[in-house]
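Me: Could you take me through the part of this model where the ligands sit, going slowly over which atoms do the touching? Start with ligand 2, then carry on to whatever else is worth a look.

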Amino acid sequence: MPATILVGAQWGDEGKGRVADWLAAEADVVARYAGGDNAGHTVVVSGQVVKLHLVPSGILHEHVVCVLGNGMVVNPVNLLKEIDGLKAIGVEISPERLMISSRAHLITPAHIALDSASEQARGSQAIGTTLRGIGPAYLDKTGRQGIRAGEMRDPEGFADSIERMMERANAALVRDGHAPLDAKSAAVQYLDAAALLQPYVRDSAQYLNERLRDGARVLCEGAQGTLLDVDHGDYPFVTSSSPTAGGALTGLGIGPGAVDRVVGVAKAFSTRVGSGPMPTELEGELASRLRGTGENFWDEFGTTTGRPRRCGWLDAVVLRYAAQINGFTELFLTKLDVLSGLPELKIAVAYRIDGREVDYPPSTMAELARAEAVYESVTGWVQDVTGARHLADLPNNAIAYIQRISELVGVRIRTVSVGPERGQLVFV
Ligand code: GDP
Ligand code: IMO
Ligand code: MG
């Protein structure tokens, strides 16, 4: 069975981009199934750092065809910028190797303005969104008033749809005391973008199923993470899509029988950007130590927004939950190298809520907000591990850390990364 699903096991930024790039070497097609340019996926090839937001990370392999699936929300103007950026570094982009599902929904300036207005209105309860218009675009999709990529093929109808959407948003913006947007200029800008993107639009579900029937290997690249899933995450501090494995099926239009591998990507510690619960969050010196100063591109500052990420110890409660929701067949552990030099590491093995210990995350925000992590300690290691390529190259305490995580989660860790470069991998 030829499809693999790649899913973030935590709150996003686990290193999915680098894992997708690695798995893409053995794939024919790489397809993003959810989210939009709220994602920021980093791939490093021979020292060159490439940040992708909409285009699947497989694009850096010449043989791979990339798909922006129907489950995505696509900002056409930002997609064109990303395509230009990729072309500028010598990546070949053509309709033969990049396609946009005709069923994917489009993000317009209306969604972006509504995203900020909604965050402002929430005040202290703001979600801390990426302000890319993601929530309002999915709201229009489920409200059955969105604009799909397929509409870009009919310029006249498309311009009308954009203008109507902008006017609808203006009514809401003005009602809430915000300045209205210029509907006409948005329509003109989007019409130009549509003319350039139209050749890339096609029925990608049809394409993917044909390729799967022919035995092609498809990698379904997740964005965001399990705890940001609109159903299974820390609602309401979530994104508006389904980043979990189920989302890959609806987000691409393929059946479950096509999938035989679900790779969960977990960072060796926890990070979160935006608001919401994080029981293992650290403050002070330890948090700064995990975050880094921002001097290295892999330090914990948002790829999309530049915001410092909240940092904390690894949370095995979250990982066990993610393994269950997604049906992970294996785990990929990233950023082990960042832990070198810490004398003691902690892993959350349970939560204490009102004096009770539970080993799964509660489903209500009220309970989750009261959850305190129960820790187990593991001795750290001092050695630099960035040059390790085999398990035997790692210090014993690092091996013990990996093994303990595997045991606690109940899923095999097959691969560990020890640096951001393509080859910095340890096969367990
Ligand atoms: P994604 O959103 O899940 O693709 O992750 P991001 O790209 O937003 O953030 C992960 C960051 O960690 C990027 O800067 C990667 O280059 C970097 N990274 C990935 N794996 C490793 C690793 O094993 N070690 C180090 N030091 N950095 C890594
Ligand atoms: P990648 O794919 C980390 C977070 C935002 C906010 C919440 C809702 O790089 O892992 P949204 O703009 O989606 O409405 O914001 O979700 N968020 C992410 N955090 N990595 C991401 O993507 C994220 N995409 C959204 O910070 O808390
Ligand atoms: Mg990211």
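**Around the ligands**

Reply: Start at the backbone: a polar main-chain atom of Val273 sits 3.0 Å from an oxygen atom of ligand 2. Bear in mind that this is a predicted model. Two side chains reach ligand 2 as well. His41 puts a side-chain N or O atom 2.7 Å from one of the ligand's oxygen atoms, and Asn38 has a polar side-chain atom 2.9 Å from an oxygen atom of ligand 2. As for cover, ligand 2 would expose 550 Å² if taken alone, and the protein buries 98% of that.

Who else is there? The surroundings of ligand 2 come to 21 residues, and Asp13, Lys16, His41, Thr130 and Thr239 come nearest. Among those five, Asp13 and Lys16 fall in the charged class, while His41, Thr130 and Thr239 fall in the polar one. Sort the whole shell that way and you get eight nonpolar, 10 polar and three charged residues.

Now keep an eye on Lys16, which is listed among the residues that come nearest to ligand 2 and is also one of the closest to ligand 1. Ligand 1 is surrounded by 19 residues, with Gly17, Thr42, Asp337 and Ser417 also among the closest. Its polar partners include backbone atoms: one from Glu14 is 3.1 Å from an oxygen atom of ligand 1, and one from Lys335 is 3.0 Å from an oxygen atom of ligand 1. From a side chain, an N or O atom of Arg309 lies 3.3 Å from an oxygen atom of ligand 1. Of the 580 Å² of accessible area that ligand 1 has on its own, the protein covers 99%.

Away from the ligands, have a look at a helix pair. Helix α3 (residues 109–122) packs on helix α4 (residues 134–142) at about 115°, and the axes are 7 Å apart. The crossing of α3 past α4 is right-handed. On the α3 side, the contact uses His111, Leu114 and Asp115, which meet Ile134, Pro136, Ala137 and Asp140 of α4. By class, that contact holds four nonpolar residues, one polar and two charged.

Follow the chain out of α4 and you enter the loop to α5 (155–175), where Arg144 lies. Arg144 is not a glycine, yet its phi is positive, about 60°. Another backbone oddity is the cis peptide bond between Tyr235 and Pro236, with omega about 10°. Pro236 belongs to the loop that runs between β10 (218–221) and α8 (245–252). Both features catch the eye because most residues other than glycine have a negative phi and most peptide bonds are trans.

Terms used
Residues numbered from 1 in each chain as written. Chains lettered and ligands numbered in written order. Predicted model: local features only at pLDDT ≥ 70, side-chain atom pairs only at ≥ 80, totals over all residues. Heavy atoms only, no water. Near = heavy atom within 4 Å. Polar contact = N/O pair within 3.5 Å; in protein donor to acceptor, adjacent residues only side chain to side chain. Areas by Shrake-Rupley, 256 points an atom, 1.4 Å probe, with all protein chains shown as cover. Axes fitted to C-alpha atoms, helices over the stretch in contact; angles between N-to-C directions. Helix = DSSP H or I, 4+ residues; strand = E, 2+ residues; numbered from the N terminus. Left-handed = near helix turned anticlockwise from the far one by under 90°. Contact = heavy atoms within 4.5 Å.
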